[in-house]
Amino acid sequence: MSLYSISDAQLAFGHVALLDHADFSLEAGERVGLIGRNGAGKSSLLKIVAGLAAADDGLVTRQSELTTVYVPQEPEFDLDATVFDVVASGLTDARALLDEYDAVAHALADTPEGAKHDELLARMNALQSALDTRDAWNWRTRVATTLAQIGLDGDARTGALSGGMKKRVALARALVVQPDVLLLDEPTNHLDFEGIRWLEDLLVTLRSGLLFITHDRAFLDRVATRIVELDRGRLLSYPGNFSAYQTRKAQQLEVEKIEQEKFDKLLAQEEVWIRKGVEARRTRSVGRIARLVEMRNERAERRNVQGNVKLDVGQGEKSGKIVAELTDVTKRYGERTIVDRFTATVMRGDKIGFVGPNGAGKTTLLKLILGELRPDEGSVRTGTNIQAAYFDQMRAQLDLDKSLADTISPGSEWVEVNGVKKHVMSYLGDFLFAPERARSPVRSLSGGERNRLLLARLFARPANVLVLDEPTNDLDIPTLELLEELLADYDGTVLLVSHDRAFLDNVVTSVFAAEGGGKWREYVGGFSDWQIQRERSERIAEEAARQSAKETPKEEAPKESAAGRNAQRTVKLSFKEQRELEALPGRIAELEEEQKTIGAQLEDGSIFAKDAKEGARLSERHAAIEEELLVALERWEELEAKRK
């Protein structure tokens, strides 16, 4: 039986039907990625499943005692509270039951036998049963365990945390509840690459049913076991990850196109027939006329595929061959070094991705390259005829009180892109803004729509250097793919900051990567190439260190005193310990192999659909292996230290 299902669901805002007789269900252990265009109604569906909103119509079925937790895009906390208190707030209901249990227990002790005593005893038994069911007795241990699992300091003040750490706190507050269904709206926002990888590893071993919204295609590929697309009011289900969805969706659209062309051809023939002259009227069939009326209605109700954004960037005059040349550039803020002796050359036509953890200094390095910041040491030579256009992730360039038309073309009704004049209404239409919205204020737009407007504003201005700071936030997948194509064909220079791994792979030709301590290094290729090269460099460095340690001359080792040798003899391993030490590497290897095998089964997700109990058993075993590995490694280190 499904954990949750809704059938024949209907939901509309004004004349737009977000859900049009749609069906959806979520099975135990499933990880469902919900995708669709901006404004299609994905967040509305998530809130309906969470019980925070209701559909206009439809039948909802959910398992009894089902626990559902919803994590919004921008979670709200008490910024003065500690992380422990914020995470513990997820157990508010359980703690309230515990407080009531204590109050009833005290009242029972002071109440003589009688009707009131029996009433209190019955309530106490009911509360005890509820507390057992929710495992509320040890709520402090649950909070502490969850904090340790996610790597959070319970004593830290929430207001002092970065955006990525706040996202971890929100997830911890949800996971401490141990929900049956976890609902996540854009969970990768504010997370850097390490944070996204950590979240992926966490979710693929989760036993809860999972429904999440994201536009991160690499994240969908790794986490999702099923893709559900909200398309023109309908919910379409595709088994497998995002790559499997893309193949099936392309086939489906081709079939739909052929069927609609056949239908339209038949309708046109019937329209010609109904309009024939007087001589043909006596031969008309009543049934044929009724079918024509039905076909007209069906054609009128058809919801065509939504048009796509038309992107075209205004090309400025060519810049000089060298855009920027950095030589031993260093930049500090106080005692912290953001860039340490970095040397690089940015040539015209380069497409460079800036990668690194949050706070590494990506934006600072960008400003140094463009000459907006002066280095503390070293030199920056900026090229000639640089026309830079900025995309700011904070959307600070948007005046919320201005209309869309004034934002694009202040004081004029025309926009000129690559020498071609366009009316501002037509230009906004290229970015899927209806004419009636052109006079609406920017504050009325959603996050994804504001990003689209910012792109429209950016591309309306001639530029030969595009500076894009997190342009993919809130953009739907079709718009992302079009933006990739545009940037790949763009003749100018692109400087790109993004945490979207697929976007980086498809756009950039080289990467400037933060390597800690202000050190930056240039890698050729995209995100995947950077990862491969970085891992290879780390392996080479480790191998060189091991080789160096082996080649250290024996005479350099400090000579032991007789007392030292005697002391060493006194801690010699026993026969049993020697055998244990010899067996430990093999045992560790076996555990790691078993964990890897189980991890692959859990990541696939099909095990939960086939056998939910087996899926739960494997999840528990996966966690138990982690504990066994820690114990084995600690014992191995202890015996090695003793032997030496």
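Welcome to a structure that holds 23 salt bridges, each being a side-chain nitrogen of Lys or Arg within 4 Å of a carboxyl oxygen of Asp or Glu. This is a predicted model, where local features need pLDDT (the predictor's confidence in each residue, from 0 to 100) of at least 70, side-chain atom pairs count only at pLDDT 80 or more, and totals for chains, interfaces and linings use all residues. Residues are numbered from 1 along each chain as its sequence is written, and side-chain values use heavy atoms, with hydrogens and water left out.

Three of the pairs are worth a look:

| Salt bridge | N to O distance |
|---|---|
| Arg501 and Asp216 | 3.6 Å |
| Glu325 and Arg381 | 2.8 Å |
| Arg443 and Asp401 | 2.8 Å |

Arg501 sits in helix 17 and Asp216 in the loop between strand 7 and helix 8, so their salt bridge ties together parts that are 285 residues apart in sequence. Both Arg501 and Asp216 are buried (under 20% relative accessible area, with exposed over 50% and partly exposed in between, using a 1.4 Å probe and protein chains only). They also belong to a salt-bridge network with Glu200, Asp201 and Arg222.

By contrast, Arg443 is partly exposed at 45% relative accessible area, and Asp401 is exposed at 58%.

Turning to the interior, the largest nonpolar core has 58 residues, and Val143, Leu182 and Leu203 have the most contacts inside it. Such a core is a set of buried Ala, Val, Leu, Ile, Met, Phe, Trp, Tyr and Cys residues joined through side-chain atoms within 4.5 Å. A second, separate core of 45 residues includes Val424 and Leu486.

Terms used:
Helix = DSSP H or I, 4+ residues; strand = E, 2+ residues; numbered from the N terminus.
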